[in-house]
Amino acid sequence: MERQLTINGRFPPQPTTGVQQDLQDPGRRESEGQARTITIGIIGYGYWGPNLLRNFMELPHARVRMVADLDPNKRELVERRYPGVQTTNDVQALLHDPEIDAIAVATPVNSHFELGMSALKAGKHLWLEKPMAETSLQARMLVNEADKRGLTLIVDHTFIYTGAVRKMHEIVAAGDLGQIYYYDATRVNLGLFQKDVNVISDLAVHDFAIIDHLFKEHPNAVTASGINHFPGTPENLAYISLFYDSGMIAHINVSWLAPVKVRNILLGGSNKMITYDDLEPSEKVKVYDKGVSFTDDPVKIHEMRVGYRTGDMWAPKLDSSEALRIAGQEWIDCIIEKKVPTADGQLGLRVVEIIEAATSSMRGRGETIHLRRKGAA
């Protein structure tokens, strides 16, 4: 049994235009001899909020003015650690503060759409945690609203800013791997069980973003199988396959039920292959000059139709800068310079589309979901 899902996420044009009025006169900023400072408000100080606040506080041309959270203990923690940052339990205080240029939303995914849309309608640039929304419809509405208002929208797919993934992107873009055959990922651990999202939204979301960033290609079909072992909770284990027009196939194994934590990626090409172990303290990325050769030559075919090539292995040097800081700096730079972030709303939308398709396939017991873009034959 097969179903077809029509989607319309696009790879972003470069660049977007039309940010807030106070950014319309770069000549004025240059005459003043300094770049404009972007004032930030943060909604949510739970699991990820402290990391955002710490990194934003260290960015040049950025200032955190206010943090909103319903928990008084968390607000007290902010006040104690960062005396210059105001706190509130009222989101409206951030939305209506004329000094705040941009808002970062670090709350559960079921609140992303409402908070994100409110921030955009208030004229604030937007940082959204991943996944950016519960549905592709919501994600598309956020992208359209940001475009309409000329606001910078970034989605916190932090992995694509890591030194390892940036190096992999460099190698792939240079064509060193040749034709890409497969992407194989294992992302498993014991917990943490989530209440509002399944294991695909929690773990596979990272690989969906990495694949999109590395190959700039959207899958044409998705299949997934998974299970919920505990009634009343989201699925805790899943196996996902993504199929591409180029012939590449991606397979992702995610689980909250593994006895050990594993974060591995294998990337195979016709010329070279890559392994990426995120838990390796050094040499996270290794490039292997290994491959397979195939021949139809009638003279050689009697010897061996498939040949194997083995060469050197090398571990490239990786940038050790914190990925979240790089993403934060890019957000600030893109607001000031009116550029498109790497993890922009369109990338976030495409990731949500894959999550949606994979979840639908999983709940249809492995049913194939075809992804066809509007206007495609």
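Helices and strands here are DSSP runs, numbered from the N terminus. With that settled, I opened my notebook on this model, which is a predicted one.

**Entry 1: a loop and a patch**

I began with F193 and found it in the loop between β8 (180-190) and α8 (199-215). Is F193 buried or exposed? I noted it as partly exposed, with a relative accessible area of 38%. That value fits the label because partly exposed lies between the 20% and 50% cut-offs. I then saw that F193 joins F230 and L257 in a nonpolar patch on the surface. Together they have about 250 Å² of accessible area.

**Entry 2: the sheet**

Next I looked up an open sheet of six strands. In what order do the strands lie? I wrote down β4-β3-β2-β5-β6-β7, with parallel pairing. At the edges I found β4 (86-88) and β7 (153-156), each pairing on one side only. I also noted that neighbouring strands of this sheet are turned by 20° against each other on average, direction ignored.

Then I followed β6 (residues 125-129) to its partner β7. The two strands run parallel, and I noted four bridges joining them. Along this pair, E129 stands opposite D156 in β7. I went on to helix α5 (residues 112-121), which packs on the sheet. My list of strands touched by α5 reads β2 (38-43), β5 (102-105) and β6. The direction of α5 makes about 170° with that of β6.

**Entry 3: cis peptide bonds**

Here I kept a general point in mind: most peptide bonds are trans. Which residues did I find joined by a cis bond? K130 and P131 are one such pair, with omega at about -20°. I located P131 in the loop between β6 and α6 (136-149). I also found a cis peptide bond between G191 and L192, where omega is about -10°. L192 is in the loop between β8 and α8, and I had already placed F193 in that loop.

**Entry 4: positive phi**

Another general point helped me here: most residues other than glycine have a negative phi. K338 is not a glycine, yet I noted a positive phi of about 60° for it. This lysine lies in the loop between α9 (323-337) and α10 (345-363). I marked K338 as partly exposed, with a relative accessible area of 24%.

R365 also caught my eye, with a positive phi near 55°. I found R365 in the loop between α10 and β16 (368-373). How exposed is R365? I wrote down a relative accessible area of 81%, so R365 counts as exposed.

Notes
Residues are numbered from 1 along each chain as its sequence is written. This is a predicted model: local features need pLDDT of at least 70, side-chain atom pairs count only at pLDDT 80 or more; totals for chains, interfaces and linings use all residues. Side-chain values use heavy atoms; hydrogens and water are left out. Two strands pair if DSSP finds at least two bridges between them. Axes are lines fitted to C-alpha atoms, for helices over the stretch in contact, and angles run from 0 to 180 degrees between N-to-C directions. Contact means heavy atoms within 4.5 Å. Patches are made of residues with over 30% relative accessible area and no salt bridge: like charges are joined within 9 Å, nonpolar side chains (Val, Leu, Ile, Met, Phe, Trp, Tyr) within 5 Å. Accessible areas come from the Shrake-Rupley method with a 1.4 Å probe; for residues, only the protein chains shown count as cover. A salt bridge is a side-chain nitrogen of Lys or Arg within 4 Å of a carboxyl oxygen of Asp or Glu. Buried means under 20% relative accessible area, exposed over 50%, partly exposed in between (1.4 Å probe, protein chains only).
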